[in-house]
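This report walks through one structure, part by part. Please look over the sequence and the fold before reading on.

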Amino acid sequence: MRKFPRSPTVRINGIDVELGFINSGKYSLRCRLYRTAEGLSGLLESAWFERALASALGRWRSMRRSEAIREARRLDGIYRWYAPIYDRLFARMYRSARVRSIASLKLTARDRVLIAGVGTGLDLPELPLAVVAVGLDASLAMLTRARVAHHVAAVDLLVGDAQFAPFVDAAFDVAMLHLILSVVPDPPAAFREVMRVVKPGGRIAVLDKFAPDGDASWIRRVVNAFARWSGTDITRRLAEIIEGQPVRAVSHETALLGNYQLVLLERLTDVRSDPDPRPTTSTPAAVAALDRLGDSRDIQPQ
Ligand SMILES: C[S@@+](CC[C@H](N)C(=O)[O-])C[C@H]1O[C@@H](n2cnc3c(N)ncnc32)[C@H](O)[C@@H]1O
């Protein structure tokens, strides 16, 4: 237990007496404060308190974990339902916006590209032919659709969570975030992960519907109750999602009658602000995908 300084003591008739008590009220108050602090410190360091704290933290963590699992299951259910009809519903609607977003990246054969939340792969036919990429998505149903619909050979499709991307730091030159930041349960976490796996100087293309700054209208919140039910959130703001991250906006346009934003960002410095432990090695599937990216860069025309 930590000891706090005491006021000096003298021995009177064989008893140790703290000078503070006989000297002045000021010393006496200090002594009492020290004793209280000592008592508190004892309590904080006691096994009982440790157990109580551990159990409260455990309950809190498991509550958060089960919340996250519930949300992931909810989204998986929604996208399992969407998978067979997604392209019919949305392919045409988003085509010109995604073409513009991909064009803004000025991709070359040397770029290692991550498509986070690749879905049914509607971005894939729009990539320049020489570009190879890794597509990550939490929904197996959507990825299966991507495999079947686009017969993709130049893209590795991995099941995984963009909030805990299974890649080493700075594995990619480019990341595409098309229509995922409005869907993923924790968008700042997903963005932080993308920042981690994109190298400094790398480009990040974002296409999504964000709430305009300052728009907290009740209509938007009411409509959002329905939007969330269909697997998306229309109240998120890009500025809040990327807040504190070392990025600069290279370009910013709107699309689909001003309801969507196309933003090209550049990662500036090598900063890791997230204290959570993250994988320092990729998962085996991600390692293989990254190896294939490297191999294909070797054989491609420059
Ligand atoms: C609206 S769709 C967009 C698909 C595709 N990017 C496009 O432009 O058509 C959102 C996608 O994000 C995926 N997704 C949701 N949460 C995710 C997560 N935590 N990690 C990876 N993908 C996720 C969904 O499974 C779904 O395929």
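## Pairing in the sheet

Two strands count as paired if DSSP finds at least two bridges between them. The model described here is predicted. In β9, Leu-265 is the bridge partner of Ile-204. Strands β7 and β9 run antiparallel and are joined by six bridges.

Leu-265 in β9 is also the bridge partner of Ala-249. Here the joined strands are β8 and β9, again antiparallel, with eight bridges. These two strands, β8 and β9, make a hairpin in which four residues lie between them. In the turn, Leu-256 has a positive phi of about 45°.

## The sheet as a whole

The open sheet consists of seven strands in the order β5-β4-β3-β6-β7-β9-β8, and its pairing is mixed. At the edges are β5 (155-159) and β8 (247-255), each of which pairs on one side only. With direction ignored, neighbouring strands of the sheet are turned by 15° against each other on average.

The parallel sense is found between β3 (residues 113-116) and β6 (residues 172-178), which pair over three bridges. Within this pair, Leu-114 stands opposite Ala-175 of β6.

## Helices across the strands

Helix α4 (residues 86-104) lies across four strands: β6, β7 (198-208), β8 and β9 (260-267). The angle at which α4 runs to β9 is about 15°.

Helix α6 (residues 187-197) lies across β3, β6, β7 and β9. Its angle to β7 is about 145°.

## Helix α3

Helix α3 covers residues 47-82, 36 residues in total. From its first C-alpha to its last it reaches 52 Å, close to the 52 Å expected at 1.5 Å a residue.

Does α3 lie largely buried or in the open? A residue is buried if 20 or more other C-beta atoms lie within 10 Å of its own. Two of the 36 residues of α3 are buried, so the helix lies largely in the open.

## Around the ligand

The ligand is surrounded by 20 residues, and the closest are Gly-117, Gly-119, Ser-139, Ala-162 and His-178. Two elements, α3 and β4 (133-137), give two or more residues to this shell.

What classes of residue make up the shell around the ligand? Twelve are nonpolar, five are polar and three are charged.

Technical notes:
Residues numbered from 1 in each chain as written. Predicted model: local features only at pLDDT ≥ 70, side-chain atom pairs only at ≥ 80, totals over all residues. Expected span 1.5 Å × (residues − 1). Buried ≥ 20, exposed ≤ 12 C-beta atoms within 10 Å, placed from the backbone. Near = placed C-beta within 6 Å. Nonpolar A, V, L, I, M, F, W, Y, C, P; charged D, E, K, R; others polar. Axes fitted to C-alpha atoms, helices over the stretch in contact; angles between N-to-C directions. Contact = placed C-beta atoms within 7 Å.
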